[in-house]
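Biologist: Please show me the assembly. I want to ask what earns each feature its name.

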Protein chains: 6
Amino acid sequence: MRDTPFTDHEGRIGPPDSRVYPRFMGPATFARLPRIDEVADWDVAIVGAPFDIGTSYRPGARFGPIGIRNGARTLRNWHPDLELHPFGSQQVVDAGDIPCSVYIIDDAVRSIEEAATELTQGSKRIVTLGGDHTIAFPLLRVAHQRHGPVALLHFDAHVDTYDTYMSAAYTHGTPFRRAAEEGLFSREHSMHVGIRGSKYGPEDLAEDAGFGFVVLGTWEVESIGIDGYVTRIRERLADMPIYLSIDIDVLDPAFAPATGTPEIGGFTSRELVGILRGLRGVHLVGADVVEVAPVYDHADITGIAAANLVYEILALMSP
Amino acid sequence: MRDTPFTDHEGRIGPPDSRVYPRFMGPATFARLPRIDEVADWDVAIVGAPFDIGTSYRPGARFGPIGIRNGARTLRNWHPDLELHPFGSQQVVDAGDIPCSVYIIDDAVRSIEEAATELTQGSKRIVTLGGDHTIAFPLLRVAHQRHGPVALLHFDAHVDTYDTYMSAAYTHGTPFRRAAEEGLFSREHSMHVGIRGSKYGPEDLAEDAGFGFVVLGTWEVESIGIDGYVTRIRERLADMPIYLSIDIDVLDPAFAPATGTPEIGGFTSRELVGILRGLRGVHLVGADVVEVAPVYDHADITGIAAANLVYEILALMSP
Amino acid sequence: MRDTPFTDHEGRIGPPDSRVYPRFMGPATFARLPRIDEVADWDVAIVGAPFDIGTSYRPGARFGPIGIRNGARTLRNWHPDLELHPFGSQQVVDAGDIPCSVYIIDDAVRSIEEAATELTQGSKRIVTLGGDHTIAFPLLRVAHQRHGPVALLHFDAHVDTYDTYMSAAYTHGTPFRRAAEEGLFSREHSMHVGIRGSKYGPEDLAEDAGFGFVVLGTWEVESIGIDGYVTRIRERLADMPIYLSIDIDVLDPAFAPATGTPEIGGFTSRELVGILRGLRGVHLVGADVVEVAPVYDHADITGIAAANLVYEILALMSP
Amino acid sequence: MRDTPFTDHEGRIGPPDSRVYPRFMGPATFARLPRIDEVADWDVAIVGAPFDIGTSYRPGARFGPIGIRNGARTLRNWHPDLELHPFGSQQVVDAGDIPCSVYIIDDAVRSIEEAATELTQGSKRIVTLGGDHTIAFPLLRVAHQRHGPVALLHFDAHVDTYDTYMSAAYTHGTPFRRAAEEGLFSREHSMHVGIRGSKYGPEDLAEDAGFGFVVLGTWEVESIGIDGYVTRIRERLADMPIYLSIDIDVLDPAFAPATGTPEIGGFTSRELVGILRGLRGVHLVGADVVEVAPVYDHADITGIAAANLVYEILALMSP
Amino acid sequence: MRDTPFTDHEGRIGPPDSRVYPRFMGPATFARLPRIDEVADWDVAIVGAPFDIGTSYRPGARFGPIGIRNGARTLRNWHPDLELHPFGSQQVVDAGDIPCSVYIIDDAVRSIEEAATELTQGSKRIVTLGGDHTIAFPLLRVAHQRHGPVALLHFDAHVDTYDTYMSAAYTHGTPFRRAAEEGLFSREHSMHVGIRGSKYGPEDLAEDAGFGFVVLGTWEVESIGIDGYVTRIRERLADMPIYLSIDIDVLDPAFAPATGTPEIGGFTSRELVGILRGLRGVHLVGADVVEVAPVYDHADITGIAAANLVYEILALMSP
Amino acid sequence: MRDTPFTDHEGRIGPPDSRVYPRFMGPATFARLPRIDEVADWDVAIVGAPFDIGTSYRPGARFGPIGIRNGARTLRNWHPDLELHPFGSQQVVDAGDIPCSVYIIDDAVRSIEEAATELTQGSKRIVTLGGDHTIAFPLLRVAHQRHGPVALLHFDAHVDTYDTYMSAAYTHGTPFRRAAEEGLFSREHSMHVGIRGSKYGPEDLAEDAGFGFVVLGTWEVESIGIDGYVTRIRERLADMPIYLSIDIDVLDPAFAPATGTPEIGGFTSRELVGILRGLRGVHLVGADVVEVAPVYDHADITGIAAANLVYEILALMSP
């Protein structure tokens, strides 16, 4: 009981082998990985940001880290498509949750920024489990501290560049306007992918374009295919340091019902995974997967999907 | 509280801006639109027909209008793909529900016909929220009164041209045979789209063809793509006045589980929306979205899908 | 469609008769009552306060007003046990929702206070549908403006007299400490009923007692019965003006699963209704039913329970 | 596979022993009992009446027979409290379902009457699984044919003696008025037990009393206990032939959420079973358990409750 | 009640016509087909194997046969795409369930082998409803007895050729290694289709290849389309006798949530049905559909999908 | 993130204060307690035994430890009714899960026995989270090693003294027969409480009585009240060392739906907690809470109930 039978791989500690230590047993860390205090050193940390009062419609993403970690029980060590060990080619750990207020938004923004700053010393990287999309703003601040303006690669049904919601500046609909105002991302190399659904007005997209964003929807799958997405994204990102932010609602509600603001016509999980794999080799400096609200889930399909997206991110981060 | 902060657009009243008046607040009308008695004049009315005893398997579509209206809380004013304001280029209202028996089918058919007749005076149009598919028959009668035989564009997994169910003539499996018998639609310009699943016998489709229907399934997506569907439908409809009837089960159960007679192999929501958008410019005289049975829904995904289909219909109706 | 067939009773307008106009049809107001703008005058208004960022565990009470109104579709005109017409002996209306921020707590507290002040002119009374328990604080302020210190009758599993949650002063765990600090309720005539579950420490109840609260749990049902509760409550309240606040978690999770912080060992709905009926004749100046989070509901049982509690409150308010 | 390992008991065939033939295996008959065609003779038949268009609110009781049979997989041979073998002291069979229209109410009423007449030849008795409460009317007709006016013992939240629903005479709210009009039950020996919830008006109960019904609610449990109920019921029934009709909504929604018109404050299953057991020895000539709508169920708790009520009925029928 | 109104087709007995005998009525056999003892002779039997203790993650497939039979209530007689009668061109029956231990795996393996041997005398064939994938091993043994090494066509997210799980040799992750060890399938003509998701290590696929398996994933849909799959499968199978094993998790969790080990990126139901239909004419000697765990289902969509896959299998078996 | 803000109480480490560190954050240990390796010494350990192949009906208790730990997020430090600190008067830790086979029952029995032996050195005690009831057998063996025959206090709907299930000796229906055969409990001081539901035959209870068990059902609540239960249990237990085993199905399915073999007529949570509190002062040497199958849960009510029962057990264990 005291000793989790972690898998050892090239001197690094990975999840236990589920044929020996079944998935419903053992620690509730992401993929049953070691905790940050169980290893001498690490490369990538998974960290939760259970904050959701930036939510405009259905709340519940505060339980997102729990839901994604639960979904991650299904993951195994070897990525057969990219032929690498996401947990073995680098030391991945679970750093627990960032304590952050769900009462006072500004406090939470500050806590997340501080915690992320502390974690990302040296070449260490984090993948943050939301929480709602508000958290991308402090995370971008931290990425900017280290790397200057990053290429922001944003998968989402919504552009999230609105100004305010009921006078609140920091919400899940506004992080990238705040980021634009602070110059946190490169206006030449950033883009939204998966945008769809009705908007408040034509100015939404016009203003968004003003921040430099190029937009790809989901309807283009029919015409350009997954390869077309990969090409356009790679061209846009160039060789910049990239911050990747995935709102789970970029998937269709059929594939990810457990989210706050679902929009029909989304990607299938197969399409999204295909696009991500096409990015192998880019320079990823940080990432988040947000807006998983488990109470709306069914048979854990959203939690499992989100966990697999984190897995793909870790594969992209693998040296 | 008394004053809903409706959005004003070109002199027309649309839904409130959710950044100011969040979606979980306010009236439970479709998209929180004004009620029919709150505006001086209107162009298109959304009206519920909470009738479901024409159902042959899983009942519950009597709660369809409630479910679709709830799903419509997610809609916004601007349609970015067609670049128009569905709620602003025309005055759309919510006309409430048609009181109709769920005990005596013939009474309900009569009530729906009377109510629809009354509503569609002059150039006014309605989009009806089912209820089961039985309601399409009285609605077609009303369309025929105004326009003569219409081109019937019918999205559904099932042809709905059976003769009787347990001796009942008016059911959700028989509306279009009744309509054929009364000559309500043009036999040269009507079609079913999305048909699939097992049938009672080869005579089902033979009889159906006898009423003039051309049939497109869902399997053809692989070969002709969305554009192929658009082309074939537009050719068939020509420049006729069109009545559009969408059974939500034309979507795959993964995308619309909340329905009475699900059939696997359906359209994705992206495909269906793509086809509908391809019809921009056709002459739509009336429409319905039927067979949403909310008790079978999960995370409101069916309600949200149905509400978005209504939104696309309103976009097609926009001048 | 335009005319809801309201029941007329002694010159007052009540819900339609469901034998003629079934419950799944018609307006989504509470019990399908007239809206506040549909009557010339009124006595009691039902009003929603869809606020939930005072929540410490499971959010979602922002959808409470929708859920309770949906549950209220089951209500009828006559209360056979108290032998009165809750909707007929007084004009009850639905006043819609108070627009209040779910981002900035202080803004919401202010909005609720202003709206409640405006509504409760003269002898008008409101019953507020939460939202989380934070809303009781501004509502008590308004009651205090009219009536001076009220007797606070508080049904809840929790005392809600904590000081702060993560530095936030106005939360669903702190309204009655804030109220005590402002002297909004009488320390001689207030009580909590239904308290149970683990506490942070013995000081919780000690501090609470310092605000003058008498506490009755649920375990006493075994010994004193419903009559015993009625007696003790009536003695405590004396003939004061009473503000009644019901947290739905006073019911056992089996009876009201859809809430944020469930505690086992609660009242059955039969017990709670029995206690409320025993209070016939007290002087109720205002009331709320809070903490209904519909996403956690099953078969609407919590929404129906909450709606029935509002019905009992209206019966207590009947002249 | 072909041979279900039924338990043989005193020459009668009962359910298989679940320690040998687990409950998730084998035929989907009630309690995995033999079908009517598998035995030479029988005493009591379980028969389904999957009819639900007499429903006024939430439909779905057409799936009731499936749901109750599924719940009955949990039953075993021996009733330890009454110390008898409900399946062994009499031959119980599953007679399948009565084919009855869910489109035309009058047709269904006729079909049920004919089928029940055919089944109840000689001393044979049936327990009918609803379906909605409409079915009690034709079943009472059949009971009356054999036994003259019966004592009607009716467990329900609602009196079901309304006149019409939207002009329909045969609905789930009107069976006992129709029965009264035809003199099917004794006005001196009939009663409702479990009545509660709001009514349309005081005339509801007045009219009901006019048909001779004595009413017991659920609130009396507090004062008279289960024994008090047993005493009052036995006094009322005297030694008449009894028809027992149980609407599952007599249970509280916490115990039986899967029903169409739930009312809070119902019996616990323990109370209801206690009352039924107190009736051992009465002369039961027929019975039904109605209004189970499985789509609203959770973890099969309503189906299991209904199956156990049938089990108690069979125990009461045991010689 | 006693006489199910089966459809007669060319002297064979099929499901009742649901327009006359609705789907929620009647026997719970697969598609309401006759039981094995109700016909003089038969060609294909549907048989359940409610075993699930070979499961490594989420159990519940013991209820699979119940869930799939329930889903099969939606099937009709005529397959319009292949233009044949799956229930009419051959006599299909429901053979009930194989009694097999859910405590001792080896006992279950033996029971399934014996029962399948007994059933498949002469040219009789069976389609087995799992249960977990462990059952494929004894079924392959029986296929091998009759036909020698078969071409194994295996649809699954997982290769299921692991060695042991917690020392157990017969589990749902190991059937095809056991089968390989016994030479039950041809190493020249077998393949896995639909493989995806993370693996324990690169050796997983290497070992699997050592057993002769060719692997097709799901990602290839983008490049080769459904026709490409059909071509490759037909080439691989050649004209061998084929055993077809479908793990429901080959479908994406959006289409089949009710399974034990879901993996994102799966086939849509439309794709899988398209591939199966492309195999018309192959020589199918046996088949199973496994890993349906109904407690994880929603609105029966997985049960309905599985039932339709069985329907496609029956179509492939039609002469 | 790395430092959980545990509450310090009398030198012992308890759960964090949820007003500062909300419950949806932090480690997924029971009540967010420290892990066994985080403290120098401990008194009571919570340990999971995720085993469920002893289950005869609905499986899923392998996820019980996850579900109960999740429910335990709601617990706080102070027990106001017994006026003690369950986490402060003794050091409680979470020892993780016992790795045990879910394929081979005998292996699991051995693993559990070994792990429990190792944990309970000296005066250390464990509370085990099931898993199904099979696990009580090895746990009783360990209790017997330390204390000789214990008084077994068993709360359950079922006696669990059957002989075999499908030839398996160790199952969730047989642990106490195996224990009786090995003399693990005192035949003079043991009892079952909460027994109800149908049995296989009168011999079930006769055989059970032969092992010395006294039986109390749930029906006696009506006559003897909670105090009556307490008295009878205390008399029976005398001053023996007690092993307490609670099958969650002792609660009514309304209060604990998430279990494998629900029986109606169970205890309310209030009754069961009342009985447990009445046992303050007895000598508890070990305990388990079993048969929680979370997939059947709703709004976590069963997980929360089970967690509270563990809390009451810890209170009974407090010095």
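The talk below goes through interfaces and sheets in turn.

Modeller: One caution: this is a predicted model.

Biologist: Why is the link between Glu271(E) and Arg270(A) called a salt bridge?

Modeller: The closest N and O atoms of Glu271(E) and Arg270(A) are 2.7 Å apart. The cut-off is 4 Å, from a side-chain nitrogen of Lys or Arg to a carboxyl oxygen of Asp or Glu, so the pair qualifies. Chain E and chain A have two salt bridges between them.

Biologist: What makes Arg35(D) and Asp37(E) a salt bridge?

Modeller: Their side chains come to 3.8 Å, N to O. The limit is 4 Å, so this pair passes too. The interface of chain D and chain E holds two salt bridges.

Biologist: How many residue pairs are in polar contact across each interface?

Modeller: For chain E and chain A, the rule finds 14 residue pairs, both residues at pLDDT 80 or more. Helix H5 (202-210) and helix H6 (221-237) of chain E each supply at least two residues of the side that touches chain A. The largest share, three residues, comes from H5(E). By class, that side of chain E has 17 nonpolar, 12 polar and eight charged residues.

Modeller: For chain D and chain E, the count is two residue pairs, again both at pLDDT 80 or more. Strand S4 (92-97) and helix H2 (105-119) of chain D each give at least two residues to the side that touches chain E. That side of chain D divides into 17 nonpolar, two polar and seven charged residues.

Biologist: What area is buried at each interface?

Modeller: Between chain E and chain A it is about 3,000 Å², with 60% from carbon and sulfur atoms. In chain E, Tyr57(E), Tyr200(E) and Ile264(E) lose the most area to chain A, together 27% of what that side buries. The contact takes 37 residues from chain E and 34 residues from chain A. Between chain D and chain E the buried area is about 2,400 Å², and carbon and sulfur atoms give 67%. There, 26 residues of chain D touch 26 residues of chain E.

Biologist: How do you know which chains do not touch?

Modeller: No contact joins chain C and chain E, and their closest C-alpha atoms lie 14 Å apart. Chain B and chain F also have no contact, with closest C-alpha atoms 14 Å apart. Contact requires heavy atoms within 4.5 Å, so with none found neither pair counts.

Biologist: Why are S9 and S10 of chain E called paired strands?

Modeller: Strand S9 (residues 241-247) and strand S10 (residues 283-290) of chain E share seven bridges, in the parallel sense. At least two bridges are needed, so they pair. Pro241(E) stands opposite His283(E) in S10(E).

Biologist: What makes S4 and S8 of chain E edge strands?

Modeller: The open sheet of eight strands runs S4-S3-S5-S10-S9-S6-S7-S8 in chain E, with parallel pairing. Strand S4 (92-97) and strand S8 (214-217) of chain E each pair on one side only. The twist averages 15° from one strand to the next.

Biologist: Which strands does helix H1 of chain E lie across?

Modeller: Helix H1 (residues 64-71) of chain E lies across S3, S4, S5 and S10 of chain E. H1(E) runs at about 110° to S5(E).

Methods: Residues are numbered from 1 along each chain as its sequence is written. Chains are lettered from A and ligands numbered from 1 in the order in which they are written. This is a predicted model: local features need pLDDT of at least 70, side-chain atom pairs count only at pLDDT 80 or more; totals for chains, interfaces and linings use all residues. Side-chain values use heavy atoms; hydrogens and water are left out. Buried area is the accessible area (1.4 Å probe) that two parts lose on being put together, summed over both. A polar contact is a pair of N or O atoms within 3.5 Å; within protein, one must be able to donate a hydrogen and the other to accept it, and residues adjacent in sequence count only if both atoms are side-chain atoms. Helices (H or I, at least four residues) and strands (E, at least two) are DSSP runs, numbered from the N terminus. Ala, Val, Leu, Ile, Met, Phe, Trp, Tyr, Cys and Pro count as nonpolar, Asp, Glu, Lys and Arg as charged, and the others, Gly among them, as polar. Axes are lines fitted to C-alpha atoms, for helices over the stretch in contact, and angles run from 0 to 180 degrees between N-to-C directions.
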